[in-house]
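Trainee: I'm new to this structure and would like a close look at one part of it. Could you pick a strand, walk me through its surroundings, and then work outwards from there?

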Amino acid sequence: MSSSRLSKFGAAVLACAAIVGVAACGSSNKSSSSSSSAGSTTSGGGTSSDALGTAKPASGSPVAFGMVNLATNPAVNFPELASAAQAGVKYVNQYRGGIGGHPIKLVVCPTDGQPSGTAKCANQLVAQHVKAVLGGADIAGAAAFPIYQRAKLAYVGGANITPAEATAPNSVIFNDMAQSDNVDLGTYTVEKLHAKKVAIIPVGDNQGKFQAQNFIVPGVKAKGGQYKIFPLPPSQADASPVVASALAYKPDAIILESPSQCVALLNALKSLGNTKPVLSIDPCAAPNVIQATNGAANGVYIFSAYQLYDGDSADAKLARAIIAKYAPAKQVIDSPALQGLNTVMNLQDAFKSTDPSKLTTAYILKTLRAGSDHPNFLSTPYTCNKQAVPALPALCNAKYYVDQIQGDKLVIKESGYDTGAQVLKLGPPPK
């Protein structure tokens, strides 16, 4: 399963519930009565080319940006992020005049999630003189930042699968997808669902265990809850033994943070008779996951940075139209995909009238960090003043939508949930 979320984003790094594997994924800022057919491209409101607007093609020499994205890892990959970003590029080039009238060119380097592969990609992007790097999803992302910093390249958007993306001085992350949402999973479980004992099941690699221990656990403890961690080895197809151990702990709720193993975990929970609330990052809410579980996903709480893809907001309608017209036929719609589209749309909105010759790193960072409450495609407004989560200063927005899977739909339970900033202040910044 390629859309897990890595420790919230994928499967090896973040750990999610329905989209990729970083943390939380698609969410919505609509009322709790809103619902969504979890991920189909023709959804509740349908897909209409009218949402695309009037064509305004870009022309002239292209403006190149780079992206390193996980695509060849044996355990977890997010090709949907890059393909959705490319769909967004095609749209803004055809309908919104690109940047300063010039078309955007997105150079994507696929990586295997190993530091050597990521560093190789980073050096290739530097050699191609890209204006900036647009964030992808990469469990070895930290290996690229020394290279970007030496080359004085800004890093914009994407999935903050590791703390490096959210703390680097040359980074601007529009929406948190792998850290504070894990904190929110912990606090919400105790505060809103009144769980006293919490079983946490992360992917059993270093990244997954790091996410659980440094983000979910502090959230649980901040609200007075008890916990126990039950890591699920990333190569283990049968989740039943780990789930059985977790249930033997007699928890009041279960938190999942293993995006690539959503189906196995949810099926095991159902087959072993679990009746306690289950919470997860949004990769586990991807339409293909919900379908594959044959009802086992019903009732799961999902944390997402994005509006419901099938909603009726202007952004949701436009997102569906873009995907329908420009994405591959089998485009996966999950948080990583929405993250890729969000990055391109926000970038173009911020620099639509900028002459490409002005796009220095200093200018890019200064522009994105200036002002407040900027339009944030498919999400809540972003403000890059280092205050969304002070421990993660590159984050510009840490608000989450709390959705619940009901049948094959997502229903919004709460909008703008955010405890990450407060909880992460209680201890040292994550390493």
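Mentor: Let's take strand E12, residues 301–306. This is a predicted model, so keep in mind that we're reading a prediction. Of the 6 residues in E12, 6 are buried, so the strand is largely enclosed by the rest of the structure. Buried here means under 20% relative accessible area.

So what sits alongside? On one side there's strand E11, residues 278–281, which runs parallel to E12 and is joined to it by 3 bridges. If you want a spot to look at, find Leu 279, which stands opposite Tyr 301 in E12. To get from E11 to E12 the chain passes through helix H9, residues 287–292, and this β-α-β crossover is right-handed.

While you're on that path, stop at Asn 294, which lies in the loop between H9 and E12. Asn 294 has a positive phi of about 50 degrees even though it isn't a glycine. Is Asn 294 buried or exposed? With a relative accessibility of 64%, Asn 294 counts as exposed, whereas the 6 residues of E12 are buried.

E12 has another partner, strand E13, residues 400–406; these two run antiparallel, with 4 bridges between them. Here the pair to look for is Phe 303 and, opposite it in E13, Val 402.

Now go back to E11 and head the other way. E11 also pairs with strand E10, in the parallel sense and over 3 bridges. Ile 254 in E10 has Val 278 in E11 as its bridge partner. The link from E10 to E11 goes through helix H8, residues 262–271, and this β-α-β crossover is right-handed too.

E10 itself, residues 253–257, deserves a pause. Of its 5 residues, 5 are buried, so E10 is largely enclosed by the rest of the structure. In a regular strand, side chains alternate between the two faces of the sheet. You can follow both faces in E10: Ala 253, Ile 255 and Glu 257 are on one side, Ile 254 and Leu 256 are on the other, and all of them are buried.

Keep going and you reach strand E8, residues 197–202, which runs parallel to E10 and is joined to it by 5 bridges. Val 198 stands opposite Ala 253 in E10. Another residue to find in E8 is Ile 201. Its relative accessibility is 0%, so Ile 201 counts as buried. What does Ile 201 touch, leaving out residues up to four places away in sequence? Its contacts include Ile 254, Ile 255, Leu 256 and Glu 257, along with Phe 230, Leu 232 and Leu 265. Take Leu 256: it is 55 residues from Ile 201 in sequence, yet the two C-alpha atoms are 5.0 Å apart.

Val 242, Val 243 and Ala 246 are also among the residues that Ile 201 touches. For a residue with another setting, try Pro 241, which is found in helix H7, residues 240–248. Pro 241 has a relative accessible area of 46%, so it is partly exposed. Its C-alpha atom is 8.8 Å from that of Ala 268, a residue 27 positions away along the chain.

Let's look at two helices as well. Helix H1, residues 79–95, packs against helix H10, residues 314–326, at an angle of about 100 degrees and with the axes 9 Å apart. That angle makes H1 roughly perpendicular to H10. Among the residues that meet there are Ala 84, Ala 87, Gly 88 and Tyr 91 from H1, and Leu 318, Ile 322 and Ile 323 from H10. By class, this contact has 8 nonpolar, 2 polar and 2 charged residues.

One more loop before we zoom out: His 129 sits between helix H2 (115–127) and strand E5 (133–134). His 129 isn't a glycine, but it has a positive phi of about 55 degrees. It counts as exposed, at 68% relative accessibility.

Finally, the whole chain. There are 13 helices and 14 strands, and 61% of the 431 residues count as buried. Of the contacts with a separation of 6 or more, 71% are between residues 24 or more positions apart. Ile 201 and Leu 256, 55 residues apart in sequence, give you a pair to find when you go back to the 3D view.

Key. Residues numbered from 1 in each chain as written. Predicted model: local features only at pLDDT ≥ 70, side-chain atom pairs only at ≥ 80, totals over all residues. Heavy atoms only, no water. Buried < 20%, exposed > 50% of the residue type's maximum accessible area, 1.4 Å probe, protein only. Pairing = 2+ DSSP bridges. Right-handed = clockwise from strand over helix to strand, strands pointing away. Axes fitted to C-alpha atoms, helices over the stretch in contact; angles between N-to-C directions. Parallel < 35°, antiparallel > 145°, perpendicular 65-115°, else oblique. Contact = heavy atoms within 4.5 Å. Nonpolar A, V, L, I, M, F, W, Y, C, P; charged D, E, K, R; others polar.
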